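Here is a short tour of a structure, written for someone new to reading them. Take a look at the picture, then follow along.

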Amino acid sequence: MTDAQAKLKKLEDAGILERKHFSPEEMALIDKIDDDEIAVLIRLRQKLGPTAEGKNHIRPNFIV
Amino acid sequence: MNRVAGLSGLQSSQPDNDEQHSASLGSVLWLKIELSQRLLNIAAQQFWSAGDIARLFPSFLLELYSLVSCSVPLMSAAYQRASELAPTDLLAAKIAAYLGEHIKEEAHHDEWLLDDLVASGLERSKVTNRWPSATVASLVGSQYCWIHHAHPAAIFGYLAVIEGNPPLAEHLDEIQLRTGFPRETFRCLHQHAADDIEHLKELRITVASLPLSPQHESLIATSAYATADGLIRIFEDMKATAKPARS
């Protein structure tokens with residue numbers, strides 16, 4: 001497994017992304033995200049717990 | 001995370017080299033921002049899926065008012081700092097140019113939102129006399145820290161995460177139906193549904209054009225992660241402390 005694949009798997013296992021939503025170009029970019037940043041994203045995801053049933057990307061979020 | 005150590009060197013002193021660098025790194029930065037937005041979307045999905053959303057909705061508007069009230073002053077602080085740096089910092093000059101316009105676009109939105117809160121049944125004075133929570137202060141305050149002690153570029157992480165998830169009109173209609181609040185309560189959110197997709201495009205084009213060093217990119221990414229974290233905590237706080245919607 002390459003570093004990029006390992007990072008992708010970590011993010012996918014954590015429930016942060018799904019491969020099907022990412023282009024090959026975006027997948028390749030994941031390799032450029034540092035390990036400590038991957039860890040930050042995973043920690044944030046873990047704090048959230050299971051995703052609620054419902055629509056993906058439901059809004060509203062906050063606004064400026 | 002210690003990705004922004006050594007911030008004293010953040011001012012861009014070699015614009016030509018930085019511009020070349022920006023072309024290769026911009027999309028990585030945006031991917032990091034999008035991952036932050038995904039986390040925020042999960043928190044939003046959890047919040048809006050709650051069965052007692054009518055009870056939670058006024059809390060959302062109040063927290064939103066706190067945040068929106070802070071936004072223009074925050075952007076003005078970044079604009080001022082960027083303007084100070086601009087004579088010797090090309091990046092800062094570009095940030096000042098962007099913010100100068102964006103501040104005009106976002107001006108008075110707190111007043112619109114205040115009218116919407118009044119339409120929801122809350123007293124105007126109770127809204128305006130309510131101070132930002134510790135979580136909002138922490139979220140916004142970290143930006144002031146980076147603006148003054150690192151580089152005003154940090155604000156792009158904040159803006160990109162917040163403006164990256166504009167409300168959609170159909171979701172607002174659904175929430176109105178579920179909460180039973182009048183349409184006048186949703187005017188500001190509907191206006192953002194109409195405007196923010198264009199704002200996000202402008203922001204993305206601007207970020208892609210900036211002469212960012214790796215250190216600036218790291219700062220913006222750190223700001224994006226912190227913004228997502230702060231907004232997620234606001235969602236969590238609301239669920240924990242929301243009071244009955246109407247007596």
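Tyr158(B) is buried, because 28 other C-beta atoms lie within 10 Å; a residue is called buried if 20 or more other C-beta atoms lie within 10 Å of its own, exposed if 12 or fewer, and partly exposed in between, with C-beta atoms placed from the backbone. This is a predicted model, in which local features need pLDDT of at least 70, side-chain atom pairs count only at pLDDT 80 or more, and totals for chains, interfaces and linings use all residues. Residues are numbered from 1 along each chain as its sequence is written, while chains are lettered from A and ligands numbered from 1 in the order in which they are written.

So where does Tyr158(B) sit? You'll find Tyr158(B) in helix H7 of chain B. (Helices are DSSP runs of H or I with at least four residues, strands are runs of E with at least two, and both are numbered from the N terminus.) Leaving out residues up to four places away in sequence, Tyr158(B) touches Gln143(B), Ser223(B) and Thr227(B); touching, or being in contact, means that the C-beta atoms, placed from the backbone, lie within 7 Å. Gln143(B) is 15 residues away from Tyr158(B) in sequence, and the C-alpha to C-alpha distance is 7.7 Å.

Gln143(B) is also one of the buried residues of H6(B), along with Thr135(B), Val136(B), Leu139(B), Val140(B), Trp146(B) and Ile147(B). Their cover includes H2, H7 and H10 of chain B. Helix H6 itself (residues 134-149) has 16 residues and reaches 21 Å from first C-alpha to last, close to the 22 Å expected at 1.5 Å a residue; the expected span is 1.5 Å times one less than the number of residues.

Now for a pair of helices. H2(B) packs with helix H4 (residues 109-119) of chain B at an angle of about 165 degrees, and their axes are 9 Å apart. Axes here are lines fitted to C-alpha atoms, for helices over the stretch in contact, and angles run from 0 to 180 degrees between N-to-C directions. H2(B) and H4(B) are therefore roughly antiparallel, the word for angles over 145 degrees. On the H2(B) side, Leu61(B), Leu64(B), Tyr65(B), Val68(B) and Ser69(B) meet residues of H4(B), among them Leu113(B) and Leu117(B).

Just look at the loop between helix H3 (90-106) and H4 of chain B, and you'll spot His108(B). This residue has a positive phi of about 70 degrees although it is not a glycine. Is His108(B) buried or exposed? It counts as exposed, because His108(B) has 10 C-beta neighbours inside 10 Å.

Time to zoom out to the two chains.

| Chain | Helices and strands | Residues | Buried |
|---|---|---|---|
| A | 3 helices, 0 strands | 64 residues | 27% |
| B | 10 helices, 0 strands | 247 residues | 51% |

How do the chains meet? In all, 41 residues of chain B are in contact with 25 residues of chain A. H1(B) supplies the largest share of the side of chain B that touches chain A, with 15 residues. By class, that side of chain B has 25 nonpolar, 9 polar and 7 charged residues. Nonpolar here covers Ala, Val, Leu, Ile, Met, Phe, Trp, Tyr, Cys and Pro; charged covers Asp, Glu, Lys and Arg; the others, Gly among them, are polar.

Definitions and conventions
Two residues are in contact if their C-beta atoms, placed from the backbone, lie within 7 Å. Angles under 35 degrees count as roughly parallel, over 145 as roughly antiparallel, 65 to 115 as roughly perpendicular and the rest as oblique.
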